[in-house]
Amino acid sequence: MLQIAAIRENKEAFAQALTKRNIDAMPMLEQAIEVDERRRSLQAQLDETLSQSNKLSKQIGELFKSGKAQEANELKAQTGELKESSKNLAEQLQTAQNDLQELLYNIPNVPQESVPAGSTDEDNEVVEEHGAVPVLDEQAQPHWELVKKYDIIDFELGNKITGAGFPVYKNKGARLQRALINYFLDKNTAAGYQEMQVPHLVNEASGYGTGQLPDKEGQMYHVGNDDLYLIPTAEVPITNLYRGDLLEEKDLPIAMTGYTPCFRREAGSYGAHVRGLNRLHQFDKVEILRIEHPDKSDQALDDMVSHVKNILDELKLPYRILRLCGGDLGFTSTLTYDFEVYSTAQEKWLEVSSVSNFKTFQANRLKLRYRAGEKQTELLHTLNGSALALPRIMAGILENYQTADGIKIPEVLVPYCGFDMIQ
RNA sequence: AGUGAGGUGGCCGAGUGGUCGAAGGCGCACGCCUGGAAAGUGUGUAAACGGCAAAACCGUUUCGAGGGUUCGAAUCCCUUCCUCACUGCCA
């Protein structure tokens, strides 16, 4: 959520920056400013009214104490009107606040200078490409065939017990999955990220805090009996650990990592691109998150990108880094780098990580601030990224490391797996 | 799940209708004292919103959350969430 005070000061700059998202934000911005003016005027009126009735109440109290009951009762008669109008003003103020919030909820975050123009994923800018694409022999297969051949992932079984998009990992597949989680967590903690194990269900307030609610309600599984949501990413519980906090500069930066399963309804996704591990309702992911001083978040994003690069380099997977264009940029982000691994057998790039700087957009919803001076608090910056999402890494390994004799295990994972081949 | 007791500032804790943003203590900050420190001592010590572009200052709100009673609520009533203890169940 953007800050209304900042919009008020320079709406042109906001509108200009938002053209990168191919929207004309000016009408929304102006409407927000208008509602905000209404809100402030109502606030002032209400305060004045309440102030008057507080004064009267005090007088009445004093009169009663000194035994002047009659005078007190006369004053009492005057309070009715004030009460009426304060009630009235309070209602109007509430409406104005709700209106303003709704408007602000619908304005996306402002893209950074470096975000390329464009409308679809075709316009994303390839900033780096690493690793050699292996040459596979003729019998090379996509991962959904390989997992059957080696009996390591069973989609049918998942179908039976739950439904489509809930695979069952078996044998060396399960072990490889566990190895990846441990490997990622070890890499992240070694880089200074504090490991967190958090609940996989969150309440409504947390959903609002990170921006899944109200707009993406349909993407989350909702547990009606208890009014809780299954997390779509560890970002939600981990970021919300700091919801409402006021930090000291010495506490910064805060860097956390956590492994969780992620649950996504993915309503409306069908077809070939959701085949196999490409898109699931439940998948595993290890996430990294940072809470940063506003001056340091740009550097932090670069550091996170380097960190993810380092992991992919170690896994020796061919990958590229994209800078998302304005049209593809997530609602809450100012700048996002996507990492894609090349799946040789599918001849396709698979997104395995997305690293973003949200600046104050989430912090504003979360009310996550730091003490910036004696009498001053300011919003912090939040960032997060996947390090990494499991299924497509798994797909990438299976497909790129396949040989006629079986699937080789990347060297760095061998100690974690306890074997070096899936045969 | 049942019964009982609770939820007050960074922390502990007092406060059952008015002068309570809230005693007292701890902690923290600054000063005095000291060769330096400890001890002692003095002062200060919440946030949000508005007036306002900012400071000073002023106003409003906030005692788990939401509603209600009242001229006036931390205090009374209702709803709800959470914590603790005992009982039940259970990995």
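A search of the whole structure, which is a predicted model, finds 6 aromatic pairs. Two rings of Phe, Tyr or Trp (for Trp, its six-membered ring) pair if their centres lie within 6.5 Å; planes under 30 degrees apart count as stacked, over 60 as edge-to-face and the rest as tilted. Let's look at Y183 and F184: their ring centres are 5.7 Å apart and their planes stand at 45 degrees, so this pair is tilted. Both Y183 and F184 are buried, where buried means under 20% relative accessible area, exposed means over 50%, and partly exposed is in between (1.4 Å probe, protein chains only). Ring pairs also bring in Y416, giving a cluster of Y183, F184 and Y416.

Now turn to another pair, F331 and F361. Their centres lie 6.0 Å apart with planes at 75 degrees, so the pair is edge-to-face. This pair links distant parts of the chain, 30 residues apart: F331 sits in the loop between strand 11 (319–323) and strand 12 (335–343), and F361 in helix 11 (residues 360–366). Helices (H or I, at least four residues) and strands (E, at least two) are DSSP runs, numbered from the N terminus. How buried or exposed are these two rings? F331 counts as partly exposed because its relative accessibility is 27%, while F361, at 3%, counts as buried.

Let's step back to the whole chain. Chain A has 13 helices and 19 strands, and its C-alpha trace spans about 100 × 45 × 45 Å along its principal axes. Of the 423 residues in chain A, 49% are buried. A word on conventions: residues are numbered from 1 along each chain as its sequence is written, and chains are lettered from A and ligands numbered from 1 in the order in which they are written. In this predicted model, local features need pLDDT of at least 70 and side-chain atom pairs count only at pLDDT 80 or more, whereas totals for chains, interfaces and linings use all residues; side-chain values use heavy atoms, with hydrogens and water left out.

Next comes RNA strand B. Which residues are closest to RNA strand B? Among the 21 residues that surround the strand, the closest are R39, Q43, K65, R371 and T377. A residue is near a molecule or strand if one of its heavy atoms lies within 4 Å of it. Helix 3 (26–65), helix 4 (69–105) and strand 14 (369–373) each supply at least two residues of this surface, and helix 3 gives the largest share, 13 residues. By type, the surface near RNA strand B has 5 nonpolar, 7 polar and 9 charged residues. Here Ala, Val, Leu, Ile, Met, Phe, Trp, Tyr, Cys and Pro count as nonpolar, Asp, Glu, Lys and Arg as charged, and the others, Gly among them, as polar.

Which part of the RNA does the protein meet? Of the atoms of RNA strand B within 4 Å of the protein, 67% belong to sugar or phosphate and the rest to bases. Some atom pairs show this in detail. A polar side-chain atom of R39 lies 2.4 Å from a phosphate oxygen of RNA strand B, and one of R40 lies 3.4 Å from a phosphate oxygen. For Q43, a polar side-chain atom is 2.8 Å from a sugar or linking oxygen of the strand.

Now look at strand 16 (381–389). S386 lies in this strand and counts as buried because its relative accessibility is 8%. A polar atom of the S386 side chain is 3.2 Å from the backbone nitrogen of S354. L388 is in strand 16 too, and a cis peptide bond with omega of about 0 degrees joins A387 to L388. Another cis peptide bond, with omega of about -5 degrees, joins L252 and P253; P253 lies in the loop between strand 8 (246–247) and strand 9 (254–263).

Finally, two loop residues have a backbone angle to look for. Phi of D227 is near 55 degrees, a positive value in a residue other than glycine, and D227 is found in the loop between strand 6 (222–223) and strand 7 (228–230). Phi of K367 is likewise near 55 degrees, and K367 is found in the loop between helix 11 and strand 14. D227 is partly exposed, with a relative accessible area of 37%, and K367 is partly exposed at 42%.

How values were computed: Polar contact = N/O pair within 3.5 Å; in protein donor to acceptor, adjacent residues only side chain to side chain.
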